[in-house]
Each structure stands twice: as structure tokens, then as C-alpha cells.
Amino acid sequence: MAARLALAAVGPRCSVAVRQLATQRGLWLRLGQCAAAAATAGAARPARRGFSSSTVAQAAAAATATLSRDEVITSHPYNNVTDSIFQKIGTNLHQQPSHPLGILKGAIYDYFDQQHPGTFTTFDGLAPVVAAKANFDEILIPADHVSRSPNDTYYVDPDTVLRCHTSAHQAEILRQGVRAFLVTGDVYRRDSIDATHYPVFHQMEGVRVFNPADWQAAGMDATQFAETELKRTLEGLAQHLFGAVEMRWVDAYFPFTEPSYELEIFFNGEWLEVLGCGVMQQPILDKNLGPGQKAWAFGLGLERLAMVLFDIPDIRLFWTADQRFLKQFKAGDLTTKFKSYSKYPPCYKDVAFWISDAFTENNLCEIVRSVAGDLAEEVKLIDNFTHPKTGRTSHCYRIAYRSMDRSLTDEEINALQDEVRSTISDKLKVELR
Ligand code: PHE
């Protein structure tokens with residue numbers, strides 16, 4: 001399980017279904033940042049600046065340069081990027097205008113453009129390979145923070161990661177002098193396997209900087225002003241996406257904002273977190289933009305919102321090439337409700353083993369993903385016991401295999417399960433039972 005940092009301070013939640021959505025990669029927090037990193041990895045090109053005309057200033061996006069396999073899967077012992085992860089890089093689902101993620105991105109751009117024409121510069125092609133410094137240090141993520149663990153984050157080498165959040169780009173963009181921006185991109189986190197977790201997902205980051213004149217004119221202190229502005233802006237965004245909904249603010253913790261909040265909306269009978277945000281920590285601004293400014297920042301998970309808005313039941317569907325999925329969505333249309341085109345039965349297989357101290361569930365899930373790819377629907381611990389005499393601990397995991405698009409044969413599943421078992425015993429230093 002990934003250690004989720006940020007959401008730690010969140011208030012009460014309701015059903016299990018909501019809880020799963022709530023902890024989905026969208027909001028929480030682990031990590032962060034990016035700019036210099038890209039250079040390290042030879043990945044990013046400098047962003048073009050400036051806007052085009054009246055719409056949300058059109059992308060100053062640096063194109064995701066093509067990254068070779070050797071640049072991402074290095075021979076450094078710290079490297080933990082798998083082929084199946086490498087293959088996702090450059091897909092950029094959020095750049096397809098009629099993909100649910102592209103539709104949602106477009107709707108959020110529209111909102112900011114209507115509210116503040118030409119104010120926000122958008123970036124949606126920054127390369128996901130970034131400096132660890134950008135992902136963590138520059139946004140004040142402490143040296144011992146759990147999100148830095150290679151159990152949670154993909155490392156190219158000790159100084160370079162696959163960004164685990166779009167906050168990785170805050171500092172670099174501020175250094176370019178951009179005072180209001182939206183960054184959309186794919187982010188990567190090692191994690192468990194279920195209907196709402198996938199090791200690659202998409203976030204949008206928003207930042208807006210204010211001057212002393214802004215808060216003085218409003219007769220408020222700087223933090224109070226930024227907070228008021230932030231809440232007003234995000235309540236408007238939630239309304240733009242979900243219509244007239246009930247909302248509430250919940251105190252949260254992120255290393256890069258203070259105060260920090262999550263916004264929850266009451267949707268389909270449940271409270272649902274939609275984003276994390278806060279007033280940016282002053283040193284990030286002072287250091288990268290200059291003193292005397294104040295800013296807000298938010299980050300939201302596009303899959304999580306799209307699953308709710310479009311009724312998409314499984315996060316793997318975003319990656320399918322099946323036209324029965326893709327054809328249901330239209331650029332610019334937020335009103336589609338996804339209709340399941342088929343529900344093929346899952347097939348369950350159990351695997352039990354004696355664990356060692358080094359065992360982690362994320363490592364197990366990485367193996368299942370690399371063998372079974374998107375056919376792995378869920379990996380769930382169903383038994384956990386410690387032998388009273390030997391003190392050894394045994395885990396039994398149930399793996400659900402299911403294709404979104406077709407029926408699977410017994411032979412196919414058995415072959416996958418055999419390979420999962422042998423890879424577990426080779427790579428995880430556990431003893432199969
Ligand atoms: N980066 C945070 C996450 O991944 C979200 C966030 C962004 C929170 C900006 C506050 C400000 O969960």
C-alpha cells in the first residue's frame with residue numbers, strides 16, 4: 001500500500017466505495033515537483049512562454065520529448081521503472097480532446113478562461129521524468145518523507161524520478177516568472193491494484209500569485225486574501241463541473257501549503273473529495289519568484305473526477321483502445337454517462353507465501369502488473385497469519401483477473417498465474433506455500 005501523506009488529516013468518510021475513491025491517487029499527496037529534473041534526464045524542452053489570445057493562455061507546453069528506454073530504465077541499482085511503466089510514457093491521454101480525461105481538462109480550462117480570460121498559462125506536455133529535487137526538495141517535502149521511498153516512487157536513478165505529482169513543476173514555472181498557471185500531466189506512483197488505483201494517472205495543478213496591491217485593495221492580510229480567493233475559485237470550479245452541489249472544506253496537510261484544505265462535494269449521496277489545495281508556503285515563492293508575493297495552489301486527480309462525472313467504474317478503462325469505450329465520449333460534452341458494453345466474469349487465483357522483512361505489497365503488485373498487465377483487476381490480502389512456533393508470517397493474496405474487452409480462457413489465466421508465482425519466488429525473496 002502506498003503511504004498516503006496528505007490525506008491524513010481528513011475528516012469522516014462514508015462508504016467503502018467512497019473511501020476507495022477518496023484515496024485514489026488524485027489528491028493526496030505524496031510528492032512533487034519537477035523542472036530541473038527534466039534537464040537531468042534529457043527529457044524536457046524549455047516551455048514556450050506566453051499566451052495565445054483570449055483563451056486560457058494556450059499551452060506554453062513543452063512537448064514531451066521522446067525518451068528512449070535506456071534513459072528511463074537505467075542500469076543504476078536504484079532504478080525501479082518497469083517496461084510496462086515505460087510504455088505508458090508519452091501516451092498523454094489528457095491530450096486527446098474526446099477522451100474522458102481530455103474532455104475534463106477542456107472543461108476546467110473553460111472555467112478558468114471564463115473567470116479570468118487570458119490569465120492562466122497552460123502546460124500539458126511537460127515530460128514526466130523530473131529531478132528528485134523538483135519533485136520533493138523544491139516544494140519542501142522533508143528528507144524523511146515516506147513519499148520518497150522507492151517503494152512508493154519510481155526512480156530513474158537517485159536524482160531523477162517519474163513525477164509523482166504535478167506539483168513537481170511549481171518551482172520551475174515560478175522561476176520562469178509565470179504568475180498563474182495550470183499544469184496537466186501523467187504522474188506515476190507504485191501502488192496496490194484495484195478498480196481505482198493504477199500506477200499511472202493524471203493530475204492538474206493550478207497556481208495563482210498575488211501582489212500586495214491585491215490584498216490591500218480587499219482590506220485583508222495576504223494569507224486571508226489568498227485563502228478567500230482560492231476557496232471562491234475552487235467552489236466555482238466544482239459547480240462548473242458538477243452543477244449545484246453541496247460542498248464542504250476539510251482541513252488537510254501538505255508540506256507545500258499552509259493552511260491546507262481538501263474540497264468535498266456531496267454527490268450521489270456521498271461526500272467525495274475532489275481536490276487538495278492551500279496557500280503556498282512562502283519560501284517556495286520567495287526563492288523562485290521573489291519576495292513579497294502570496295499564492296494559492298491546488299492539485300486534482302483527473303481520473304477520480306472523470307470516474308464520478310462519467311460513471312466510469314474501473315480505472316483501467318481509461319487506457320483501453322476499445323472503440324466501444326472511446327466512441328461513447330464527445331469532445332466538449334461533460335454529460336455522457338458511460339454504459340458498460342459487456343461485463344466479462346473475473347477469474348480468481350490465490351497465491352500464498354512466507355514473507356521476509358523486505359516484502360511489500362507494492363512490490364508484489366508491480367510483479368502482477370508486469371506479468372498480467374491490465375488483465376489484473378485486483379490484488380487483495382485475504383489471509384495473514386503468524387505461525388505461533390516459528391514466528392514466520394504467511395500472506396495469502398487473491399488475484400482477480402478480468403479483461404474489460406473480452407472473455408479470458410482458463411489456459412491463459414493459468415499461464416499468467418504460473419508466471420506470477422515463479423516471478424514472485426525469483427524476485428521477492430519469499431517462500432511459496
Ligand atoms: N500534490 C498534491 C497531491 O498530489 C495535491 C496538491 C497540490 C495539494 C497543490 C496542495 C497544493 O495530492
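The legends below describe close-up views of a predicted model.

**View 1. Packing of helix 5 against helix 11 in the predicted model.**
Helix 5, which spans residues 100-115, packs with helix 11, residues 302-310, at an angle of about 95°, and their axes lie 10 Å apart. Because angles of 65 to 115 degrees count as roughly perpendicular, the two helices, helix 5 and helix 11, are therefore described as roughly perpendicular to each other. From helix 5, the residues that take part in the contact are Pro 100, Leu 101, Ile 103, Leu 104 and Ile 108, and these meet Leu 302, Glu 303, Leu 305, Ala 306, Leu 309 and Phe 310 of helix 11. Sorted by class, the contact between helix 5 and helix 11 comprises 10 nonpolar residues, no polar residues and 1 charged residue.

**View 2. Surroundings of Leu 237 in helix 9.**
Leu 237 belongs to helix 9, which covers residues 222-242, and with a relative accessibility of 2% Leu 237 counts as buried. When neighbours within four places in sequence are left aside, the contacts of Leu 237 are Ile 108, Tyr 111, Phe 112 and Leu 300. Of these contacts, Ile 108 is 129 residues away from Leu 237 along the chain, yet the C-alpha atoms of the two residues are separated by 7.2 Å.

**View 3. Strand 6 and the strands that pair with it, strand 5 and strand 10.**
In strand 6, residues 200-210, 11 of the 11 residues are buried, so the strand is largely enclosed by the rest of the structure. Both of its faces are covered, with Val 200, His 202, Met 204, Gly 206, Arg 208 and Phe 210 buried on one side, and Phe 201, Gln 203, Glu 205, Val 207 and Val 209 buried on the other. Strand 5, residues 180-188, runs antiparallel to strand 6 and is joined to it by 9 bridges, and in this pairing Tyr 188 stands opposite Val 200. Strand 10, residues 294-301, is likewise antiparallel to strand 6, to which 8 bridges join it, with Val 209 placed opposite Ala 295 of strand 10.

**View 4. The hairpin of strand 7 and strand 8.**
Strand 7, residues 246-254, pairs with strand 8, residues 257-267, in the antiparallel sense over 8 bridges. The two strands, strand 7 and strand 8, form a hairpin in which 2 residues lie between them, and Met 247 stands opposite Ile 265 of strand 8.

**View 5. An open sheet of 4 strands, with helix 13 and helix 14 packed on it.**
The 4 strands of this open sheet follow the order 12-13-11-14, and their pairing is antiparallel. Strand 12 (376-386) and strand 14 (431-432) are the edge strands, each of which pairs on one side only. Within the sheet, strand 11, residues 347-354, and strand 13, residues 393-401, run antiparallel and are joined by 8 bridges, and Phe 353 has His 395 of strand 13 as its bridge partner. Helix 13, residues 361-372, packs on the sheet, where it touches strand 11, strand 12 and strand 13, and its direction makes about 145° with that of strand 12. Helix 14, residues 410-427, also packs on the sheet, touching strand 11, strand 13 and strand 14, with a direction that makes about 20° with that of strand 11.

**View 6. The salt bridge between Arg 190 and Glu 366.**
In the salt bridge formed by Arg 190 and Glu 366, the closest N and O atoms are 2.8 Å apart. The pair links distant parts of the chain, since Arg 190 is in the loop between strand 5 and strand 6 whereas Glu 366 is in helix 13, 176 residues apart. Both partners lie under the 20% limit that defines a buried residue: Arg 190 is buried at a relative accessible area of 5%, and Glu 366 is buried at 9%.

**View 7. Further salt bridges, including Glu 229 with Arg 232 and Arg 324 with Asp 322.**
The count for the model comes to 18 salt bridges. The side chains of Glu 229 and Arg 232 meet in one of them, at 2.5 Å from N to O, and, being 3 residues apart in helix 9, these two residues are separated by about one helical turn. Glu 229 counts as buried at 10% relative accessibility, whereas Arg 232, at 42%, counts as partly exposed. Arg 324 forms a salt bridge with Asp 322, with 2.8 Å between the closest N and O atoms; here Arg 324 counts as partly exposed at 36% relative accessibility, and Asp 322 counts as buried at 15%. Asp 314, Arg 316, Glu 377 and Arg 402 are joined into one network by salt bridges that share partners.

Note on methods: Residues numbered from 1 in each chain as written. Predicted model: local features only at pLDDT ≥ 70, side-chain atom pairs only at ≥ 80, totals over all residues. Heavy atoms only, no water. Axes fitted to C-alpha atoms, helices over the stretch in contact; angles between N-to-C directions. Parallel < 35°, antiparallel > 145°, perpendicular 65-115°, else oblique. Contact = heavy atoms within 4.5 Å. Nonpolar A, V, L, I, M, F, W, Y, C, P; charged D, E, K, R; others polar. Buried < 20%, exposed > 50% of the residue type's maximum accessible area, 1.4 Å probe, protein only. Pairing = 2+ DSSP bridges. Salt bridge = Lys/Arg side-chain N within 4 Å of Asp/Glu carboxyl O.
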